[in-house]
Amino acid sequence: MQPDNIRRARTTAGGMAQHGSWGLKPAPNTLFIGSGVWLARDEDPQFTLVPPDGDLTPGIYELSVVSATNSDAILRPRLYFDRGNGFNEADVVQLGLVTSRASQLVSIPPQTRVIRFDPIAQRGRFTLPDVYLRRPARLEILIHVMGATVNKRAQILAKLLTKGL
């Protein structure tokens with residue numbers, strides 16, 4: 001294990017490491033078994049996402065999660081943002097279902113102090129070999145928005161306009 005029980009998640013752009021790596025710091029209820037396999041000892045396994053330089057910069061990020069089908073559970077991850085009042089359901093992003101690999105744009109709100117990543121909501125083994133977090137270029141954000149359905153486009157654009165890039 002790496003120091004302080006932090007495992008490095010990769011920050012990539014086109015397969016290249018970029019601006020260091022984000023870390024995954026597991027909670028005491030989440031045990032690393034090996035080769036990307038984890039054991040949730042209760043119904044709330046979680047990780048703290050640790051930025052490479054220690055500073056959380058608000059804005060739009062692309063979060064990519066890699067999993068495998070040999071898990072006891074399919075990943076349905078959630079991100080929680082602590083903006084000074086602890087973690088709560090008001091500051092959560094439900095990510096899509098992950099069966100092998102999934103990416104989603106997420107907005108890290110201003111005043112965020114800590115980001116919590118909850119991969120599943122049950123006990124058991126799960127496979128989480130990599131989590132990628134990176135700042136996409138504005139053109140990538142536009143391409144993502146244009147590829148979404150009309151209703152989803154409106155939601156994404158509203159969020160971008162209210163929270164900014």
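Phe47 and Phe126: buried or exposed? Select the two and take a look: both Phe47 and Phe126 are buried. Keep in mind while you click around that this is a predicted model.

**Stop 1: the aromatic cluster**

Stay with those two rings. Phe47 and Phe126 make an edge-to-face aromatic pair, with 6.4 Å from centre to centre and 85° between the planes. This pair links distant parts of the chain: Phe47 belongs to strand β7 (residues 47-50), Phe126 to strand β13 (residues 124-127), and they are 79 residues apart.

Now add Trp38 to the selection. How many Å centre to centre separate Trp38 and Phe47? The figure is 4.8 Å, and with 85° between the planes this aromatic pair is edge-to-face too. Trp38 and Phe47 are both buried.

To see the whole group, select Phe32 and Phe117 as well: Phe32, Trp38, Phe47, Phe117 and Phe126 form one aromatic cluster. The structure's count of aromatic pairs comes to five.

**Stop 2: the β5-β6-β13 sheet**

Switch to cartoon and follow β13 away from Phe126. Three strands form an open sheet here, ordered β5-β6-β13, with antiparallel pairing. At the edges stand β5 (30-34) and β13, each with a single partner strand, so one side of each is left without a neighbour in the sheet. Look along the sheet and you can check the turn between neighbouring strands, which is 30° on average, direction ignored.

Zoom in on β6 (residues 37-40) next to β13. The two strands pair in the antiparallel sense over four bridges. For a landmark, pick Leu39, which stands opposite Arg125 in β13.

**Stop 3: the β11-β8-β14 sheet**

Next, select residues 59-66, which make up strand β8. How many of the residues of β8 are buried? Eight of its eight residues are, so to speak, under cover.

Show the neighbours of β8 as well. This is another open sheet of three strands, in the order β11-β8-β14, and the pairing is antiparallel. Its edge strands are β11 and β14, each of which pairs on one side only. From one strand to the next, the twist averages 20°.

Take the β11 side first. Eight bridges join β8 to strand β11 (residues 101-108), and the two run antiparallel. Click on Ser64 and look across: Ser103 in β11 stands opposite.

Then swing over to the β14 side, where five bridges join β8 to β14, again antiparallel. Two positions are handy for finding the register. Leu63 stands opposite Leu133 in β14, and Val66 stands opposite Asp130 in β14. While you have side chains on display, remember that in a regular strand they alternate between the two faces of the sheet.

**Stop 4: the salt bridges**

Side chains of opposite charge can pair when their charged atoms come close. The structure holds five salt bridges, and three are worth a visit.

Begin where you are. Which residue forms a salt bridge with Arg134? The partner is Glu62, and the closest N and O atoms are 2.8 Å apart. Arg134 lies in strand β14 (residues 130-134) and Glu62 in β8, so the pair ties together parts that are 72 residues apart in sequence. Arg134 is buried, with a relative accessible area of 13%.

Now go to Arg78 and Glu89, a salt bridge whose closest N and O atoms are 3.0 Å apart. Arg78 lies in strand β9 (residues 78-82) and Glu89 in the loop between β9 and β10 (92-94), so this pair ties together parts that are eleven residues apart in sequence. Turn on the surface to compare the two ends: Arg78 counts as partly exposed, at 24% relative accessibility, whereas Glu89 is exposed, with a relative accessible area of 52%.

The third pair is Asp91 with Arg83, where the closest N and O atoms are 3.4 Å apart. Asp91 counts as buried at 15% relative accessibility, while Arg83 counts as partly exposed at 35%.

**Last stop: a nonpolar patch**

Keep the surface on and select Leu139, Leu142 and Ile143. Together they form a nonpolar patch on the surface, with about 320 Å² of accessible area. Where is Leu142 found? Leu142 is in helix α1 (residues 138-147), and at 46% relative accessibility it counts as partly exposed.

Methods
Residues numbered from 1 in each chain as written. Predicted model: local features only at pLDDT ≥ 70, side-chain atom pairs only at ≥ 80, totals over all residues. Heavy atoms only, no water. Salt bridge = Lys/Arg side-chain N within 4 Å of Asp/Glu carboxyl O. Buried < 20%, exposed > 50% of the residue type's maximum accessible area, 1.4 Å probe, protein only. Pairing = 2+ DSSP bridges. Axes fitted to C-alpha atoms, helices over the stretch in contact; angles between N-to-C directions. Patch = residues over 30% accessible without salt bridge, like charges linked within 9 Å, V, L, I, M, F, W, Y side chains within 5 Å. Areas by Shrake-Rupley, 256 points an atom, 1.4 Å probe, with all protein chains shown as cover. Phe/Tyr/Trp six-rings, centres within 6.5 Å; stacked < 30°, edge-to-face > 60°.
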